[in-house]
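Colleague: I would like to learn how to read this model. Please take me through it step by step.

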Amino acid sequence: MIKVNDNFCKLPAGYLFSEVARRIEAYRKAHPDAAIIRMGIGDVTCPICQAAVDAMHRAADDQLSEFTFHGYGPEQGYAFLREKISEYDYKKRGINIGIDEIFISDGAKSDTGNIGDILSPDCKVAVTDPVYPVYVDTNVMSGRAGELCDNKWSRIEYLPCTAENNFVPALPVGNPDVIYLCYPNNPTGTTLNRKQLAEWVEYAIGHNALIMFDSAYEAYITDDDVPHSIYEIPGAEKVAIEFRSYSKTAGFTGLRCGYTVVPKSLKGVDSNGAEVSLNSLWNRRQCTKFNGASYIVQRAAEALYTPKGQKQVRETIDYYMRNACVLREGLTEAGLTVFGGVNAPYIWIKTPGDMSSWDFFDLLLAESNVAGTPGSGFGPSGEGYFRLTAFGRYENTVEAVERIKKLKF
Ligand code: MLT
């Protein structure tokens, strides 16, 4: 029989959101009349904006003519989109990122999962805890995580983020080579301000560490002191890779498009001690394993940068942030302690009393027919917390809050 990659066998049975979906489905089957409000996985509910849909219609028509038809595109993405990103997402914030430092992809999930391809299997990894499970699971798959004991991987350094430290992780003590940071944070919905993020950049510079900075939720930032990009911090271009996504910004969870910035000044070292450009390695990886996001989808992403697109995207984000406000205020009134939801579309709830995350999941599902995500699924420090997303329909969000209020905590 074929030998398999043992690292995959080490993974717990189900990916977090598949497991949540499985349990909701089991409940639905047992209670076919229950009107379940799903606030678990952070999937969007607003339609794609008109500017992007119009662009896709035009791009689809391009495919009808031999003169405008597009086959294989550049593996790095079309210049028309990379130019917009460079100008709008970076130059407008005073950051100089060239188009050859931007790689378009089918989303941040793939890129944050695949980026480990270009790093040594010996690299030591640190993650904030709780954490988006893709960072951990993909490091398990590539053999960097060690063994699982007591819900922790032996070679991964966990940096707890709880109410006790105001969700601001302490700097690592185990000299990790790679540090995953996601801000605004998934799952806690909390942020790091400029000064706090600068400490991480300084740490990475001083310790030769590489920061994987996931800023998939940057469009939800409302406070001026919260950086949208890690490159707002001087020196970050020497120590950080940044991941962005149109999923949460513009509802592309089904369309699939995002991008990764690998600055040219970012260097690694091979086992002979020779300096290597991470930008060149990622380019080589993408050219071999990826044929680019589709032309039609990239045209849709380009349209988001037009004045019409920017306005429509903003309206959708405001819609979700109104939900976040409803959740924060309503759940507080219900007697729960809540975090996040100010610069992010996630609400992080402290479970009442000593209730475990999964017990709270069961309680809300059974008593309110509201489905969320248990905090413990995001890591050991997520135990005793619970996540709801603000990506639902407004009416459902209001209804969910009303139902939860009846539980009297
Ligand atoms: C989440 O719910 O954490 C996200 O939707 C998952 C993802 O972006 O892959």
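**Strands and the ligand**

Modeller: Start with one pair: tryptophan 348 stands opposite arginine 387 in E17. This is a predicted model, where local features need pLDDT of at least 70, side-chain atom pairs count only at pLDDT 80 or more, and totals for chains, interfaces and linings use all residues. Residues are numbered from 1 along each chain as its sequence is written, and side-chain values use heavy atoms, with hydrogens and water left out.

Colleague: Which strands does that pair join, and in which sense do they run?

Modeller: Strands are DSSP runs of E, at least two residues long, numbered from the N terminus. Two strands pair if DSSP finds at least two bridges between them. Here, strand E14 (residues 346-350) and strand E17 (residues 385-389) run antiparallel, joined by five bridges. Isoleucine 349 also has a partner there: phenylalanine 386 in E17.

Colleague: What is the strand order of the sheet that holds E17?

Modeller: The order is E13-E14-E17-E16, an open sheet of four strands with antiparallel pairing. Its edge strands, E13 (337-340) and E16 (373-374), each pair on one side only. E16 pairs with E17 over two bridges, in the antiparallel sense. Proline 374 has phenylalanine 386 of E17 as its bridge partner.

Colleague: Is E17 enclosed or open?

Modeller: Buried means under 20% relative accessible area (1.4 Å probe, protein chains only); exposed means over 50%, and partly exposed is in between. Five of the five residues of E17 are buried, so this strand is largely enclosed by the rest of the structure.

Colleague: How do its side chains point?

Modeller: In a regular strand the side chains alternate between the two faces of the sheet. From E17, Tyr385, Arg387 and Thr389 point one way, while Phe386 and Leu388 point the other way.

Colleague: What does threonine 373 contact?

Modeller: A polar contact is a pair of N or O atoms within 3.5 Å; within protein, one must be able to donate a hydrogen and the other to accept it, and residues adjacent in sequence count only if both atoms are side-chain atoms. A polar side-chain atom of threonine 373 lies 3.3 Å from the backbone oxygen of glycine 40. Threonine 373 lies in strand E16 and is buried, at a relative accessible area of 0%.

Colleague: Which residues surround the ligand?

Modeller: A residue is near a molecule if one of its heavy atoms lies within 4 Å of it. Around the ligand are Phe17, Ile41, Gly42, Lys109, Tyr132, Asn186, Tyr217, Lys248, Tyr346 and Arg387.

Colleague: Which side chains make polar contacts with ligand oxygen atoms?

Modeller: Tyrosine 132 places a polar side-chain atom 2.6 Å from a ligand oxygen. For lysine 248 the distance is 2.8 Å. For a side-chain N or O atom of arginine 387, it is 2.7 Å. Accessible areas come from the Shrake-Rupley method with a 1.4 Å probe; for residues, only the protein chains shown count as cover. Taken alone the ligand exposes 270 Å², and the protein buries 86% of that.

Colleague: What about the other sheet?

Modeller: Seven strands form an open sheet with mixed pairing, in the order E2-E10-E9-E8-E7-E3-E6. E2 (102-105) and E6 (156-160) are its edge strands. Within the sheet, E7 (residues 178-182) and E8 (residues 210-214) pair in the parallel sense over five bridges. Leucine 181 stands opposite phenylalanine 213 in E8, and cysteine 182 opposite aspartate 214.
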